[in-house]
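Reader: I would like a close look at one part of this model, with its surroundings for context. Please keep to what can be read from the coordinates and the record.

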Amino acid sequence: MSEFLDLETQDGIRMTWNVIPGTKQDATNCVVPVSVIYTPLKPNLSIPVLPYAPLSCRMCRSILNPFSVVDFVAKIWVCSFCFQRNHFPQHYNSILENNLPAELFPQYTTVEYASTSETGPVEPPVFLFVVDTYMIEEEIGYLKSALAQAIELLPDQSLVGFITFGTYVQVHELGFGFLPKSYVFKGTKEVTQEQILDQMSFFAGKTKPTSCVIAGARDGLSAESIARFLLPASECEFVLNSVIEELQKDHWPVPADKRSSRCTGVALSVAASLLGVCVPGSGARIMAFVGGPSTEGPGSVSLSAFAFLFSELVQYNQTQVDNITELERRLEDAGYAVGARVLELLCHTEKETQRRGRLQDL
């Protein structure tokens, strides 16, 4: 166990399982899915800083690492992700089994690369706001105020993007300041990076590159096409504030016996794909403002799972209070909708001259 703890300390990675399932059946039988939590900014003074640019795969752009297979005679390395064979550049000609570059050392599973002329200038930070519009009017008002304050605190040179979602996902084109303009994606379907490139007209009037991965200006995306969706905060402040002021609750009709339609998974997928297309390799943050569980599309939370979590929430708070009023206050603090549902869980009975309140277990 200490070995895994050492790896967590070294790489800033924690996984749900220490062994990856070897077969599809084993993966299906896993109650807890295989996933990983990565902390890229975890402080670690032992991480080496390499004073040159990383060597990337020409197919999938992954970086040369200790798990790559190296042919020292032919001066070729095999990508550990896509298995593409790549030739070493000229300055790697002296590579041997006893003369390895630092990125191939077995103990250097995590390294940092210093910015050089090869890697290009340091990109400004990127903030992509992903805002849920299926909230009650009161929460929408508070959200507008919080977003306006957040925009004011952003550095002037930082790039900003804005996405809203409810039943559908809307990517707002901040670079078009004449009138509000956005690209809409259906919340029940997964959106691929190819669809992002095609439907958002990144290569309008141009020939689309044939490379496997298209990322940023190095693959033919013009600065003008990127600036349609990601602009410096100082240049899009007026447009952004206008979009925030016009935020309204999602008016898409929902049947009375159905939950509010919220496609959180698709919205986050679109946000990640947009960043991967426009600003690959830069320091970016997706800031999601979510008003409830995802109910549409990939990553949606089923009603039974939501009921189970609600039951756990009620039962936990029940052990922390002495009376119904305090319980109702706690649940209301947890969420307006949860507090309102408390009335359905109360069962009042009268016995002799005393009136008692009891909470039914779900």
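Is K75 buried or exposed, going by its relative accessibility?

Author: This is a predicted model. K75 counts as buried, because its relative accessibility is 18% and the cut-off for buried is under 20%. The residue sits in the loop between β4 (69-71) and β5 (76-78). Its backbone also deserves a look: phi is positive, about 55°, although K75 is not a glycine. Most residues other than glycine have a negative phi.

F83 also has a positive phi, near 65°, and is likewise not a glycine. F83 is placed in the loop between β5 and β6 (85-87). Unlike K75, which is buried, F83 counts as exposed, at 61% relative accessibility.

For the wider setting, an unreviewed UniProt entry lists residues 54-92 as "domain: Zinc finger Sec23/Sec24-type". Over residues 54-92 the chain is 23% strand and 0% helix. The C-alpha atoms at the two ends of this stretch are 12 Å apart.

Elsewhere on the surface there is a nonpolar patch made of I13, M15, W17, I20, V31, V32, V34, V36 and Y38. Together these residues have about 850 Å² of accessible area. Two elements, β1 (13-15) and β2 (36-38), give two or more residues each to the patch. One of the patch members, V31, lies in the loop between α2 (24-29) and β2. V31 is exposed, with a relative accessible area of 78%.

Terms used. Residues are numbered from 1 along each chain as its sequence is written. This is a predicted model: local features need pLDDT of at least 70, side-chain atom pairs count only at pLDDT 80 or more; totals for chains, interfaces and linings use all residues. Side-chain values use heavy atoms; hydrogens and water are left out. UniProt positions are given in the numbering used here, feature names are shortened, and annotations may be inferred rather than shown by experiment. Helices (H or I, at least four residues) and strands (E, at least two) are DSSP runs, numbered from the N terminus. Patches are made of residues with over 30% relative accessible area and no salt bridge: like charges are joined within 9 Å, nonpolar side chains (Val, Leu, Ile, Met, Phe, Trp, Tyr) within 5 Å. Accessible areas come from the Shrake-Rupley method with a 1.4 Å probe; for residues, only the protein chains shown count as cover. A salt bridge is a side-chain nitrogen of Lys or Arg within 4 Å of a carboxyl oxygen of Asp or Glu. Buried means under 20% relative accessible area, exposed over 50%, partly exposed in between (1.4 Å probe, protein chains only).
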